[in-house]
Amino acid sequence: MGENMSKASSRPFQKASIFTTFKPYNTPPGDTSVSPRPSIFSTLRRFPVAKSNDFVPLFSDCIAAASSRTQEYLLFKDPEDKFRPSPEVLTQIFLMTYITQSVNLNMTDVFNCTAMTPGQRVLLGADWVWAVLEKPTKNPRIQIAVQVLHLSDKEPGEENGHLPGSCSESVQMAHKESGDKNMYERMVDFCTSIGKDCYALFLFLGKKHDQGNIYGVLSNNFQAAIGKCDKIDRALLENFFKGSRYLHTPSGMMQAIVTKKEGEPLTLMIKFS
C-alpha cells in the first residue's frame, strides 16, 4: 500500500575470514608486570540488541525535527504578502523532514512510514501511514493513519478530498468509490476495517486560537462517535480538545499505544510542537 518511503540501510556485521587465523597474545609465564592485551574484537563497535520500544525516543526526535521545520513556515509572515506556503506544501515539509530524520536515525527496520498515492489519499483519507513492524517478518503490528488538517484557508475542495491537479483516471475512480463520505469519515472507516490496532491521527497544523503550533487527536475508537452524531467533521474533532486538561507528548502518545492492552479503546490529544 502506497509508496514505501523508507528502506533499511544497515546489515549485521560479518566477520572477515582473515580473523579466523588470528592468534591471541600470550603473556610470558611468571611475568606479572605485563598486562594482558585486550582482544581485537573488544575494540569493535557493538550494537545493542533492539527492544520493542527502543524506537520511541527516536520517533520523538523525528517528530521534533518535523514539527520545528514546519513551524518555521507556519509562523512566517511575508511583509509584502507575496509568499505563503500552501497547505499541500506544509504537509510535504512535515513528512519529508520526518522521513529524512528517521533514515538518519536508522529506525526504519522497526518503525516505517508509507506515503499514500493521490488516489489512496482520496479513497482512504490518509496522507501517510506509520507502522510498528514485527521482527523478523516486518509485518505491521500497529498502524497509525495520519490525515493533516489546516486552518480555514483550505485548498479548493479539500473538505471533500478533491485535490487540485489530481485528475488522473485512478483519482477519478477513487472519487467515485468514496461516495458521499468526507475525508474524515473515509479515514475512520479505513482504520475501523483493520481493527483496534489501527489508529486514526488527525494532525492539526495550527488551530483557531493557536495558529503557530501543531496538535493531534488520535483514537482507535472514532467509530463510536458515528452513532452519536450525523457525521464526523472538523468541528467534532476540535471538540475533543474542549475540557481536555492534559496533552500528551509524541513519545507519550507512542508509549501509550505500544503498552495498551490488545483490543482496548484509546483516545489521546497530543501537542507535537
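**A small cavity, a helix and a polar contact**

In this predicted model, the second largest cavity is lined by Val 188, Cys 191, Thr 192, Ala 200, Ser 219, Asn 220, Phe 222 and Gln 223. Its volume is about 30 Å³, and the structure holds two cavities of 30 Å³ or more. Empty space of this kind is found by rolling a probe the size of a water molecule over the atoms. The lining divides into four nonpolar residues, four polar residues and no charged ones. Helix α5, which covers residues 183-194, gives the most to this lining, with three residues.

The next element to consider is helix α2. This helix runs over residues 87-104 and has 18 residues. From its first C-alpha to its last, α2 reaches 26 Å, close to the 26 Å expected at 1.5 Å a residue. Several residues of α2 are buried, among them Leu 90, Phe 94, Tyr 98 and Ser 102. In an α-helix, residues three or four places apart point the same way, because there are 3.6 residues a turn. What covers the buried residues of α2 includes helix α1 (55-74) and the strands β2 (111-115), β3 (128-133), β4 (140-149), β5 (198-207) and β6 (210-219). After α2 comes Asn 106, whose phi is positive, near 55 degrees.

Helix α1 also contains Gln 71. Which residues does Gln 71 contact, leaving aside its neighbours within four places in sequence? They are Gly 212, Asn 213 and Ser 273. With Asn 213, the side chain of Gln 71 makes a polar contact, side chain to side chain, at 3.1 Å.

Note on methods: Residues numbered from 1 in each chain as written. Predicted model: local features only at pLDDT ≥ 70, side-chain atom pairs only at ≥ 80, totals over all residues. Heavy atoms only, no water. 1 Å grid on protein atoms, 1.4 Å probe; cavity = no way out; pocket = protein on both sides within 12 Å on 5 of 7 lines; lining within 4 Å. Points joined across faces, edges and corners; volume = space filled by probe spheres on them. Helix = DSSP H or I, 4+ residues; strand = E, 2+ residues; numbered from the N terminus. Nonpolar A, V, L, I, M, F, W, Y, C, P; charged D, E, K, R; others polar. Expected span 1.5 Å × (residues − 1). Buried < 20%, exposed > 50% of the residue type's maximum accessible area, 1.4 Å probe, protein only. Contact = heavy atoms within 4.5 Å. Polar contact = N/O pair within 3.5 Å; in protein donor to acceptor, adjacent residues only side chain to side chain.
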